[in-house]
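Open your viewer and get ready to click along. We will go from stop to stop, selecting a few residues each time and looking at what is there.

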Amino acid sequence: MIRVSNLKLGIDEDISILKKLVLKKLKLKESELKKYSIYKESIDARRKGKIDFVYTVDVEVKNEEKLLKSSIKDIVKVKEARYIGVEVGSEKLSHRPVIIGSGPAGLFAALLLAQKGYSPILLERGLDVDNRTKDINNFWHNRKFKNNSNVQFGEGGAGTFSDGKLTTRIKDIRCRKVLQELVNFGAPDEILYSYKPHVGTDILKNVVKNIRNEIIRLGGDVKFDTKVSDIIVENNEIKAVVINDIETIESETVILAIGHSARDTYKMLHKRGVGIIQKPFAIGARIEHPQELINKSQYKEFYNHPRLGAADYRLIEHTSNLRTAYTFCMCPGGSVIASASNEFEVVTNGMSEHARDKVNANSAFLVNVLPEDFGSEHPLAGVQFQEKYERLAYQLGGKNYNAPAQLVGDFLNDRVSTSLGSVEPSYKPGIEFVDLRECLPEFVTTAMKEAIKSLDNKLNGFAMHDAVLTGVETRSSAPIRIVRDEDTLESINTKNLYPCGEGAGYAGGIVTAAVDGIKCAEKIITKYSNK
């Protein structure tokens with residue numbers, strides 16, 4: 001196979017022209033081209049007054065070696081990128097593997113184990129995605145919070161109610177498997193080649209449901225409303241898990257794929273002596289602008305072109321107080337959502353549907369937090385740090401799950417906003433104007449202020465007066481790491497327990513978490529027989 005790069009189509013040129021570009025670049029007759037497929041699509045908006053779509057294409061041709069010896073630029077021989085998997089082991093497995101948590105890590109671990117014939121048991125403390133959606137809508141619109149069914153807990157994990165962003169910095173063939181499986185179960189084909197792939201919460205709900213049904217079809221079990229309340233460890237080796245304080249499931253292989261909000265599980269694991277250490281994370285607020293402003297800033301006169309869709313951004317600023325302020329999990333054409341996982345706390349996040357067609361753009365706007373900021377050396381001190389500011393946000397919002405908010409212009413001038421401007425905040429159930437300095441650390445608000453002014457030079461309008469800051473955003477990543485051996489992926493002091501994914505501190509985002517789940521499943525597959 002030959003990979004051909006740097007094929008450009010103008011913004012008004014139809015994708016059907018791409019085949020002609022391939023033939024022209026390779027100097028081929030149509031009969032010499034066996035097949036071609038798009039490997040990557042990106043946008044080049046660097047030149048004023050011009051936007052191009054840039055393609056990398058994989059082609060199969062007659063006389064491949066002749067082409068490779070030619071002087072044609074931007075071509076290279078490649079092997080088909082395909083996940084092969086691992087060989088099945090020989091040790092006898094006395095009990096079925098157990099996976100705790102049905103986020104991307106747990107879901108893909110269970111899927112691979114089911115595909116390989118291990119009949120896994122997937123345990124999810126929350127509810128299935130349909131009932132979970134009803135509970136979340138009831139919370140957003142009627143303030144009725146449910147501890148075991150919310151944006152953090154339930155089928156698919158926190159990522160189910162997000163932008164469904166699939167970008168990742170890791171280079172791993174397992175990423176391709178994750179994307180291909182998502183397509184197999186209902187995600188659009190474009191995620192296989194888009195330079196910024198995303199699914200959207202509306203499609204993702206069906207995808208996770210389809211994966212669940214496939215796990216069951218292959219012999220696995222998926223249990224909802226099934227919280228792991230304890231683990232049984234003998235001689236530093238896991239033997240069983242206790243669910244809902246009443247039922248015991250024996251297993252000598254447990255993948256711990258809890259999310260970053262399973263704080264009661266963190267406490268239980270620490271009590272049982274599982275090795276946990278502190279980890280840096282970040283906190284801040286959601287910043288919300290008109291999507292049209294972002295489109296104009298990024299695409300200039302092409303801002304409303306139908307081929308471009310909603311523009312995004314990614315910004316970072318190193319501030320004078322030696323902190324880093326940055327945008328994270330930007331949601332074009334999306335909403336700011338209430339994401340609490342416990343009563344009496346306010347937590348924000350962002351969500352987009354596949355179309356990204358809402359009027360506002362939003363992003364987390366965060367400042368890094370270090371373990372020395374926690375005020376304690378206790379392994380769970382970072383959790384307590386998060387809880388402090390989430391509870392302050394709840395109190396400042398009026399103790400009714402309204403979120404504390406402030407216009408950017410007022411935030412920069414240390415005054416409480418009195419009325420909305422041109423940006424209507426999307427957060428439900430509602431907002432309460434406050435001084436955000438009262439629910440965020442001083443070093444965070446100081447860095448945010450400095451960064452907002454500076455980043456306006458990079459993204460025109462970022463510091464617009466009427467943009468809305470809604471707090472608090474505290475769950476960008478886990479504040480702990482459940483320490484594991486780098487080779488076996490087992491807990492360093494609890495054999496056959498595999499800490500996995502975002503909640504264990506080893507991933508950030510849907511794809512990296514799913515890849516980590518696959519890696520942990522592979523460790524079980526290579527060690528144990530499926531007979």
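**Stop 1: Leu-469 and its neighbours**

Select Leu-469 and show the side chains around it. Setting aside residues up to four places away in sequence, Leu-469 touches Ala-285, Arg-286, Ile-287, Pro-404, Ala-405, Gln-406, Val-408, Phe-411, Leu-436, Met-448 and Ile-452. Please keep in mind throughout the tour that this is a predicted model.

Apart from the core that holds Leu-469 lies another one, of 49 residues. Try selecting Phe-108, Ile-255, Tyr-498 and Ile-518, which are among its members.

Now go back to the largest nonpolar core, which has 83 residues. Which of them touch the most other members? Select Leu-26, Val-59, Trp-140, Phe-365, Met-448, Phe-462 and Leu-469 to see them. Next, colour helix H11 (residues 442-455): the largest share of this core, seven residues, comes from there. In soluble globular proteins, nonpolar side chains tend to be buried together.

**Stop 2: the whole chain**

Zoom out until everything is in view. The chain's secondary structure comes to twelve helices and 23 strands. Along its principal axes, the C-alpha trace spans about 70 × 65 × 40 Å. For 531 residues, a compact globule would have a radius of gyration near 24 Å, and the chain agrees with this at 24 Å. How many of the residues count as buried? The share is 58% of the 531 residues. Contacts reach along the chain, too: among those with a separation of 6 or more, 73% are between residues 24 or more positions apart.

**Stop 3: a four-stranded sheet**

Select strands S1 (residues 2-10) and S3 (residues 52-61), which run antiparallel and are joined by seven bridges. Look for Gly-10 and find its bridge partner in S3, Asp-52. Helix H1 (residues 18-26) packs on the sheet, touching S1, S2, S3 and S4. The direction of H1 makes about 125° with that of S1.

Add the remaining strands to the selection. The sheet is open, its four strands come in the order S2-S3-S1-S4, and the pairing is antiparallel. Why do S2 (33-44) and S4 (75-77) each have one side without a neighbour in the sheet? They stand at the edges with a single partner strand each, so one side of each is left free of a sheet neighbour. From one strand to the next, the twist averages 30°.

While you are here, pick Thr-56 in strand S3. Is Thr-56 buried or exposed? Its relative accessible area is 14%, under the 20% limit, so Thr-56 counts as buried. Beyond its neighbours within four places in sequence, Thr-56 is in contact with Arg-3, Val-4, Ser-5, Ser-37, Ile-38, Tyr-39 and Lys-40.

**Stop 4: one face of a helix**

Move to helix H8 (residues 291-299) and highlight its buried residues: Gln-291, Ile-294, Asn-295, Ser-297 and Tyr-299. Turn the view to look down the axis of H8; the buried residues fall within an arc of 170°, so they line one face of the helix. What covers them? The cover includes S2, strand S13 (281-290) and strand S18 (360-369). Just after H8, click on Lys-300, which takes a positive phi of about 50°.

**Stop 5: Ser-90 in a loop**

Select Ser-90 in the loop between S4 and strand S5 (98-100). With 71% relative accessibility, Ser-90 counts as exposed. Outside its neighbours within four places in sequence, Ser-90 is in contact with Lys-527, Tyr-528 and Ser-529. Ser-90 and Lys-527 are 437 residues apart along the chain, yet their C-alpha atoms are separated by 6.5 Å.

**Stop 6: backbone details**

Finish with some angles. Lys-428 and Pro-429 are joined by a cis peptide bond, with omega about 15°; Pro-429 is in the loop between helix H10 (408-412) and strand S20 (431-433). The peptide bond from Gly-471 to Val-472 is also cis, with omega near -5°, and Val-472 lies in strand S21 (residues 468-473).

Then select Leu-322, in the loop between strand S14 (316-318) and strand S15 (324-331). Leu-322 is not a glycine, but its phi is positive, near 65°. Leu-322 is exposed, with a relative accessible area of 79%.

Technical notes
Residues are numbered from 1 along each chain as its sequence is written. This is a predicted model: local features need pLDDT of at least 70, side-chain atom pairs count only at pLDDT 80 or more; totals for chains, interfaces and linings use all residues. Side-chain values use heavy atoms; hydrogens and water are left out. Two strands pair if DSSP finds at least two bridges between them. Helices (H or I, at least four residues) and strands (E, at least two) are DSSP runs, numbered from the N terminus. Axes are lines fitted to C-alpha atoms, for helices over the stretch in contact, and angles run from 0 to 180 degrees between N-to-C directions. Contact means heavy atoms within 4.5 Å. Buried means under 20% relative accessible area, exposed over 50%, partly exposed in between (1.4 Å probe, protein chains only). The arc is that of the directions from the helix axis to the C-beta atoms. A nonpolar core is a set of buried Ala, Val, Leu, Ile, Met, Phe, Trp, Tyr and Cys residues joined through side-chain atoms within 4.5 Å. The radius of gyration is taken over C-alpha atoms; the globule rule is 2.2 Å times the number of residues to the power 0.38.
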